[in-house]
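Let's take a walk through a model of protein chains and DNA strands. Have the picture open while you read, and look for each part as it comes up.

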2 protein chains.
Amino acid sequence: MESFAIIAEPNRRTILSLLASSERSVGEIERQLRMPQTSVSKHLRVLREAGFVEARVEAQRRVYRLRPEPLMEVDAWLAPFRRFWTAHVDALERHLDRMEQPSRKGKKR
Amino acid sequence: MESFAIIAEPNRRTILSLLASSERSVGEIERQLRMPQTSVSKHLRVLREAGFVEARVEAQRRVYRLRPEPLMEVDAWLAPFRRFWTAHVDALERHLDRMEQPSRKGKKR
DNA sequence: CGGGAATATGAACTTCGCGGTATATACTCC
DNA sequence: GGAGTATATACCGCGAAGTTCATATTCCCG
């Protein structure tokens with residue numbers, strides 16, 4: 001599966017967000033997110049195969065942690081659009097500036 | 001459908017990227033991306049209903065242009081992870097620094 | 001060694017979205 | 001008003017992915 005499809009799944013995004021704060025075992029994820037263990041394991045498998053996470057074995061636990069690369073890709077795809085929406089917000093601000101009650105002539109800032 | 005699911009579709013991402021440079025009519029998209037008109041129209045409908053694009057009617061053409069909000073949401077979701085991978089890249093760089101052939105003692109830079 | 005905890009895997013079922021084909025709607029120009 | 005162009009919609013079939021239930025595997029410990 002492909003990076004964008006991976007993060008299209010809400011449960012997987014939740015798992016990723018959880019792991020963003022720190023690494024966690026399957027059981028911890030299971031309990032904190034109140035989702036069935038089998039489901040957690042499968043999502044983790046998908047995430048692992050796509051390189052979003054990696055697992056360290058610790059006795060009978062598997063501790064999962066984030067890996068940065070795939071999300072960096074997503075971020076890279078978004079980059080070209082940022083120009084666009086900052087421009088938009090600027091335009092909106094200028095617009096609102098012109099809207100702003102014309103009684104007061106001395107502009108703030 | 002939800003923002004992340006929308007951009008999970010490769011053709012839709014391509015359309016969005018195309019519109020990032022400038023607005024375009026359905027026919028222009030159809031030709032530049034070599035994809036069937038009916039398919040383009042459907043994807044545009046999905047994108048429109050999710051707020052990624054909006055259409056202006058111009059005679060018998062519809063000219064589509066980007067709207068920033070949904071992609072900004074995606075960007076916002078990504079934000080917390082940026083901390084994470086900049087930290088990682090830094091660690092990697094330090095690691096590579098230590099790896100770097102120890103014969104030469106005077107560091108470059 | 002046997003039982004229990006932690007995690008993974010497999011199978012069956014269901015839902016959903018995409019692609020394709022056919023058709024409808026809307027506008028323009030003669 | 002009829003032909004042609006531009007775009008949208010409806011219906012269908014198929015495959016992919018998610019959920020659940022059952023079971024397998026691995027490890028710990030008394």
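Which element gives the largest share of the surface near DNA strand D? That's α4(B), with 6 residues. Keep in mind as you look around that this is a predicted model.

**Around the DNA**

Let's stay with DNA strand D for a moment. It is surrounded by 24 residues, and the closest are B:S25, B:V26, B:G27, B:S41 and B:R61. The elements that give two or more residues to this surface come from both chains: α4 of chain A, plus α3 (26-33), α4 and β3 of chain B.

Now swing over to DNA strand C. Here 22 residues surround the strand, with A:S25, A:V26, A:G27, A:S41 and A:R61 the closest. The elements giving two or more residues to the surface near DNA strand C are α3 (26-33), α4 (37-49) and β3 (61-66) of chain A, along with α4 (37-49) of chain B. On this surface α4(A) gives the most, with 6 residues.

What kinds of residues are these? Here's the breakdown by class.

| Surface | Nonpolar | Polar | Charged |
|---|---|---|---|
| near DNA strand C | 7 residues | 10 residues | 5 residues |
| near DNA strand D | 8 residues | 10 residues | 6 residues |

**Strands in chain A and chain B**

Next, the strands. In chain A, strand β1 (residues 24-25) pairs with β3(A) in the antiparallel sense over 2 bridges, and A:S25 stands opposite A:V63 in β3(A). Remember A:S25? That residue is also one of the closest to DNA strand C. Strand β2 (residues 53-58) of chain A is antiparallel to β3(A) too, over 6 bridges, and there A:E54 stands opposite A:R65. The hairpin of β2(A) and β3(A) has 2 residues between the strands, and in it A:A59 takes a positive phi near 60 degrees.

In chain B, what is the order of the strands in the open sheet of 3 strands? They run β1-β3-β2, with antiparallel pairing. The edge strands, β1 (24-25) and β2 (53-58) of chain B, each pair on one side only. β1(B) and strand β3 (residues 61-66) of chain B are joined over 2 bridges, and B:S25 has B:V63 as its bridge partner.

**Two helices packing in chain A**

Back in chain A, find helix α2 (residues 10-21). Its axis and that of α4(A) lie 10 Å apart, at an angle of about 75 degrees, so α2(A) is roughly perpendicular to α4(A). From α2(A), the contact uses A:N11, A:R12 and A:I15, while α4(A) brings A:H43, A:V46 and A:L47. By class, this contact has 3 nonpolar, 2 polar and 1 charged residues.

**Where the chains meet**

How many residues does each chain put into the contact between chain A and chain B? Chain B puts in 18 and chain A 17. On the side of chain B that touches chain A, the elements giving two or more residues are α1 (3-6), α2 (10-21) and α5 (69-99) of chain B, and α5(B) has the largest share, with 10 residues. That side of chain B is made up of 15 nonpolar, 2 polar and 1 charged residues.

**How confident is the predictor?**

For chain A, the average pLDDT is 88, and 91% of the residues score at least 70. Among the elements of chain A, helix α1 (residues 3-6) has the highest mean pLDDT, 98, and helix α5 (residues 69-99) the lowest, 85. Over residues 105-109 of chain A, the pLDDT is below 50, and this stretch has 0 contacts in the model beyond near neighbours in sequence.

Key
Residues numbered from 1 in each chain as written. Chains lettered and ligands numbered in written order. Predicted model: local features only at pLDDT ≥ 70, side-chain atom pairs only at ≥ 80, totals over all residues. Near = placed C-beta within 6 Å. Helix = DSSP H or I, 4+ residues; strand = E, 2+ residues; numbered from the N terminus. Nonpolar A, V, L, I, M, F, W, Y, C, P; charged D, E, K, R; others polar. Pairing = 2+ DSSP bridges. pLDDT = per-residue confidence, 0-100. Contact = placed C-beta atoms within 7 Å. Axes fitted to C-alpha atoms, helices over the stretch in contact; angles between N-to-C directions. Parallel < 35°, antiparallel > 145°, perpendicular 65-115°, else oblique.
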